[in-house]
Amino acid sequence: MDKHTVLVTGGAGFIGSHACVELLQAGFNVVVVDNLSNSKLESLKRVEQITGKTLQFYQADIRDKTALTDIFAKESIATVIHFAGLKAVGESCEQPLNYYHNNVYGTLVLLEAMSEANVKQLVFSSSATVYQPSETGQYSESLPLGAINPYGRSKVMVEDILRDVAAVDKIKPNGAPWKVALLRYFNPIGAHESGMIGEDPNGIPNNLMPYVSQVAIGNLKQLSVYGNDYATPDGTGIRDYIHVVDLVKGHIKAIEAIESDKFSGGGCKAYNLGTGKGYSVLDIVNTFEAVTGRKILYQFAPRRAGDLAECFANPALADKELNWIADKDLEDMIADTWNWQVKNPQGYVD
Ligand code: NAD
Ligand code: UFG
């Protein structure tokens, strides 16, 4: 494949930093734009240490059109992977305007800058939260969309915008068509096997795996398990956890697909990135204890508002069309999370 330059928005963040490693190792040139609102520059220094390669970093907000236009003028970008955005479901209910401004308006500005620079290949970070809750707990791409919180709705809105933008090419062809992959992530966890980059949430983590990991290292006292009365085998919530390195490999596969015959006429296609396997909160606690030898103190607490009993992917479409399947199992995910946590007990220190 012709290796070229990829602009990674939000590249200093959890998933973005792992994507930079995979891209550099696959021979791409990498340009990162990030406002560092939820990350530290140290993550990108570590990316360079892991790979022995350099990347170009711009500290800028994706809502700053002038900054983006300058980046597209200076760098010969072929493809954009768009991670930048806000991602906390609870916070999105308290600050909906901030979420729509960063995630929806930010993407509009990015798309305008891309369009003006004639860069029309995009891989977008979508989420399993775009789906309308389904009884079965398993989600295929053909199921109806219907997010239930502002964060999820911001992702649906961006998906809608991207479908509309790509559809214009069919009505009114104008040069190279838009080629867009919407990647709907399930629950990314784990860390690079070096333990040099990983998830570094601000303050007390909202998500299960970083919380469990911080209980294990002694930063937090005990885990609250939100609900033990769900209609699941052990009563706790079931999710499809996916190793972040598997997840970012899906992005490289998406770029390959975008550049192949599969996207020859352009278009916008959605793919689930998950393992297809579900694990309960207690499965996570028990496996964490078995892998690390640490005791995880927990108590049962009421259900968390907005949580589903069960959510796992049907990942068959990504296998068929992107030639991608997740490789790593839950033990790998936990071992790598723990390796990162032990080596960086306070996360990144700039
Ligand atoms: P993250 O917060 O670690 O990374 C996001 C990065 O974007 C951060 O470095 C942040 O500083 C940057 N950023 C935010 N707003 C920006 C702006 N306006 N301009 C420039 N930079 C900005 O989050 P992550 O877990 O790496 O998630 C990456 C993407 O994947 C997000 O779009 C998120 O919604 C999506 N996603 C994440 C999960 C998950 O569980 N982690 C699940 C589904 C989807
Ligand atoms: N949980 C606990 N205690 C905690 C944290 C979580 O019991 O302290 C439980 C939750 O109730 C849920 C499971 O652990 O059953 C997973 O919760 P997370 O908060 O880790 O993940 P979610 O499935 O709620 O959401 C995550 C991301 C979203 C993303 C979604 C789907 O936070 O941004 O996965 O991709 F959209």
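**Loops, helix contacts and salt bridges in a predicted model**

Asn 118 sits in the loop that runs between α5 (96–117) and β5 (121–127). In this predicted model, the phi angle of Asn 118 is near 60°, a positive value in a residue other than glycine. Most residues other than glycine have a negative phi, so a positive value is worth a look. Asn 323 also has a phi near 60°, again positive in a residue other than glycine. Asn 323 belongs to the loop between α10 (316–322) and α11 (330–343). Its surroundings leave Asn 323 exposed, with a relative accessible area of 51%; the cut-off for exposed is over 50%. A glycine can be added to this list: Gly 52, just after α2, takes a positive phi of about 70°.

The helix that comes just before Gly 52 makes a good next stop. Seven of the 10 residues of α2 are buried, and therefore the helix is largely enclosed by the rest of the structure. Which residues of α2 are buried? They are Glu 42, Ser 43, Leu 44, Arg 46, Val 47, Ile 50 and Thr 51. Against what do these buried residues pack? Their partners are α1, β2 (29–34), β3 (56–59) and α11.

One of those partners, α1, can be followed in detail. The axes of α1 (residues 14–25) and α2 (residues 42–51) come within 9 Å of each other, crossing at roughly 30°. Because of this angle, α1 is roughly parallel to α2; the cut-off for that description is an angle under 35 degrees. The crossing of the two helices, α1 and α2, is right-handed. On the α1 side, the contact is made by Ser 17, Cys 20, Val 21, Leu 24 and Gln 25, while α2 contributes Ser 43, Leu 44, Val 47, Ile 50 and Thr 51. Sorted by class, the residues in the contact of α1 with α2 are six nonpolar, four polar and no charged.

A second helix pair brings in α11. The axes of α7 (residues 208–217) and α11 come within 10 Å and cross at roughly 55°. Is this pair parallel or oblique? The crossing angle makes α7 oblique to α11. As α7 passes α11, the crossing is right-handed. Met 209, Ser 213, Gln 214, Ala 216 and Ile 217 of α7 meet Ile 334, Thr 337, Trp 338, Gln 341 and Val 342 of α11 in this contact. The contact of α7 with α11 divides into six nonpolar, four polar and no charged residues. Ile 334 also appears in another spacing: its C-alpha atom is separated by 9.8 Å from that of Ala 290, although the two residues are 44 residues apart along the chain. Ala 290 is part of helix α9 (residues 281–292), and this alanine is exposed, with a relative accessible area of 65%.

Charged side chains come next. Side chains of opposite charge can pair when their charged atoms come close. How many salt bridges does a search of the whole structure find? The search finds 14. In one of them, the side chains of Lys 65 and Glu 116 meet with a distance of 3.0 Å from N to O. Lys 65 lies in helix α3 (residues 65–74) and Glu 116 in helix α5, so this pair ties together parts that are 51 residues apart in sequence. Lys 65 is partly exposed, at a relative accessible area of 26%, whereas Glu 116 is exposed, at 56%.

Another salt bridge joins Arg 184 to Glu 159, with the closest N and O atoms 2.7 Å apart. Because Arg 184 lies in strand β7 (residues 179–185) and Glu 159 in helix α6 (residues 150–171), the pair ties together parts that are 25 residues apart in sequence. Are these two residues buried or exposed? Both Arg 184 and Glu 159 are buried.

Arg 303 forms a salt bridge with Asp 229, in which the closest N and O atoms are 2.9 Å apart. This pair links distant parts of the chain, 74 residues apart: Arg 303 is in the loop between β14 (298–301) and β15 (310–313), and Asp 229 is in the loop between β9 (223–226) and β10 (238–239). Arg 303 is partly exposed, with a relative accessible area of 46%. Elsewhere, salt bridges that share partners join Glu 159, Asp 160, Arg 163 and Arg 184 into one network.

Technical notes
Residues are numbered from 1 along each chain as its sequence is written. Chains are lettered from A and ligands numbered from 1 in the order in which they are written. This is a predicted model: local features need pLDDT of at least 70, side-chain atom pairs count only at pLDDT 80 or more; totals for chains, interfaces and linings use all residues. Side-chain values use heavy atoms; hydrogens and water are left out. Axes are lines fitted to C-alpha atoms, for helices over the stretch in contact, and angles run from 0 to 180 degrees between N-to-C directions. Helices (H or I, at least four residues) and strands (E, at least two) are DSSP runs, numbered from the N terminus. Angles under 35 degrees count as roughly parallel, over 145 as roughly antiparallel, 65 to 115 as roughly perpendicular and the rest as oblique. A crossing is left-handed if the near helix is turned anticlockwise from the far one by less than a right angle, and right-handed if clockwise. Contact means heavy atoms within 4.5 Å. Ala, Val, Leu, Ile, Met, Phe, Trp, Tyr, Cys and Pro count as nonpolar, Asp, Glu, Lys and Arg as charged, and the others, Gly among them, as polar. Buried means under 20% relative accessible area, exposed over 50%, partly exposed in between (1.4 Å probe, protein chains only). A salt bridge is a side-chain nitrogen of Lys or Arg within 4 Å of a carboxyl oxygen of Asp or Glu.
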